[in-house]
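I opened the notebook on this model to look up its fold and its pockets. The entries below follow the order in which I looked.

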Amino acid sequence: MDKKTKGSIMQIVKIKTKLSEDDMFKIAKEREPEFKAIHGIIQKYYVKMHESGYYGGVYIWDSMESLKKFKESDLAATIPKAYKAIEPPSVEIVDIMFELRE
């Protein structure tokens, strides 16, 4: 299969917190430079779920190896604490087949 995509792996993280949307935004902006410095991350979307108190991140990775390195990092380990998660985050990993637009 001819696979023309910038990223190959999507990681979807969902966190439940009692923080306000403003607080979530502030913390995310403070941590933004650390995420921008990660090798292998193509994009990260900060999202607000429709369920009250749920927020998340959708990450696009260049490879499973980059994702694995991130998962072992101190930055990844601090996500629940930074956002005051009140339950363990849910994480889903999917392979990207192709992009609609380049």
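The entries go from the whole chain to its largest pocket.

Entry 1, the model. I noted that this is a predicted model.

Entry 2, elements. I counted 4 helices and 4 strands in the protein chain. Reading from the N terminus, I wrote the order down as β-α-β-β-α-α-α-β. The radius of gyration is 14 Å, and the globule rule gives 13 Å for 102 residues, so I put the chain down as being as compact as a globular protein of that length.

Entry 3, extent and packing. I took the box along the principal axes, and the C-alpha atoms fill roughly 45 × 30 × 20 Å. Of the 102 residues, 34% count as buried. I then looked at contacts with a separation of 6 or more: residues 24 or more positions apart account for 73% of them.

Entry 4, surface. The exposed area of the protein chain is about 7,200 Å², and I found that carbon and sulfur atoms supply 54% of it.

Entry 5, the largest pocket. I read its space as about 310 Å³. It is lined by 18 residues, and I listed Met24, Ala28, Tyr46, Val47 and Gly56 as the closest to its centre.

Entry 6, the lining. Which element gives the largest share of the lining? I found that helix 1 does, with 6 residues. At least two residues each come from helix 1 (21-36), strand 1 (9-16), strand 2 (41-48) and strand 3 (54-61). Sorted by class, the lining holds 11 nonpolar, 5 charged and 2 polar residues.

Terms used. Residues are numbered from 1 along each chain as its sequence is written. This is a predicted model: local features need pLDDT of at least 70, side-chain atom pairs count only at pLDDT 80 or more; totals for chains, interfaces and linings use all residues. Side-chain values use heavy atoms; hydrogens and water are left out. On a 1 Å grid over the protein atoms alone, a cavity is a set of points where a 1.4 Å probe fits but cannot get out, and a pocket is an open set with protein on both sides within 12 Å along at least five of seven lines; lining residues have an atom within 4 Å of a point. Grid points are joined across faces, edges and corners, and a volume is the space filled by probe spheres set on the points. Ala, Val, Leu, Ile, Met, Phe, Trp, Tyr, Cys and Pro count as nonpolar, Asp, Glu, Lys and Arg as charged, and the others, Gly among them, as polar. The radius of gyration is taken over C-alpha atoms; the globule rule is 2.2 Å times the number of residues to the power 0.38. Buried means under 20% relative accessible area, exposed over 50%, partly exposed in between (1.4 Å probe, protein chains only). Contact means heavy atoms within 4.5 Å. Accessible areas come from the Shrake-Rupley method with a 1.4 Å probe; for residues, only the protein chains shown count as cover.
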